[in-house]
Amino acid sequence: MQLDTSSQAPPQAPPRPPQDPTQAGNQGITSQEKDSQSSPKEVLKRKPTRAPSSAWIHFTRENNRATCNYCKKIYACNATSHGTTNLLKHLRTCEKNPNREIDKKQKTIVLGK
Ligand SMILES: [Zn+2]
């Protein structure tokens, strides 16, 4: 059994210096000033980023209420229970919504019920 030694390149492992433990420790330290007023829990409490609903272009949000910008109809809008589904539904039927007709031209949504 013969090996062609001419084409056999020795594996060259570049010498890697061992990581300095002091440098690695510095990465976890931030130079932020600790604000005594903001609790550290606020950082952990992260809500999943949701794209703002297009309904808010036509509605004015106030607490848990959404007022239609066109007909001033007030809808309950609780992010956890209602969401913006009923708002978007209203936009399709709101007679004072100027975008309603444009929407119809672009695409007709037929909802079977
Ligand atoms: Zn309306």
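Here is a short walk through the structure, from its confidence to its sheet and the helix packed against that sheet.

Keep in mind as you look around that this is a predicted model. The mean pLDDT of the protein is 72, with 50% of its residues reaching 70 or more. Confidence peaks in strand 2 (residues 65-68), where the mean is 92, and is lowest in helix 4 (residues 99-106), where the mean is 58. Strand 2, then, with its mean of 92, is a good place to begin.

Strand 2 belongs to an open sheet of three strands, ordered 1-2-3 and paired antiparallel. The edges of the sheet are strand 1 (59-62) and strand 3 (74-76); each has a single partner strand, so one side of each lacks a neighbour in the sheet. On average, and ignoring direction, neighbouring strands are turned by 25 degrees against each other. As a reminder of what holds such an arrangement together, strands of a sheet pair through backbone hydrogen bonds, either parallel or antiparallel.

Let us take the two pairings in turn. Strand 1 and strand 2 run antiparallel and are joined by four bridges. Within this pairing, Phe-59 sits opposite Cys-68 of strand 2. The hairpin that these two strands form has two residues between the strands, and Asn-63 in this hairpin adopts a positive phi near 50 degrees.

On the other flank, strand 2 pairs with strand 3 over three bridges, again in the antiparallel sense. Here Arg-65 has Ala-76 of strand 3 as its bridge partner, while Thr-67 stands opposite Ile-74, also in strand 3. The hairpin of strand 2 and strand 3 has five residues between the strands, and in this one Lys-72 takes a positive phi, near 60 degrees.

Now bring in helix 3, which packs on the sheet and touches strand 1, strand 2 and strand 3; the direction of helix 3 makes about 150 degrees with that of strand 3.

Which residues of helix 3 (residues 85-93) are buried? They are Leu-87, His-90 and Leu-91. These three cover an arc of only 105 degrees around the axis, which places them on the same side of helix 3. The spacing behind such a pattern is familiar: an α-helix has 3.6 residues a turn, so residues three or four places apart point the same way. Thr-85 and Thr-93, by contrast, are exposed on the other side of helix 3. Helix 3 thus shows you two sides, one with the buried Leu-87, His-90 and Leu-91, the other with the exposed Thr-85 and Thr-93.

Definitions and conventions
Residues numbered from 1 in each chain as written. Predicted model: local features only at pLDDT ≥ 70, side-chain atom pairs only at ≥ 80, totals over all residues. Buried ≥ 20, exposed ≤ 12 C-beta atoms within 10 Å, placed from the backbone. Arc of directions from axis to C-beta. pLDDT = per-residue confidence, 0-100. Pairing = 2+ DSSP bridges. Axes fitted to C-alpha atoms, helices over the stretch in contact; angles between N-to-C directions. Contact = placed C-beta atoms within 7 Å.
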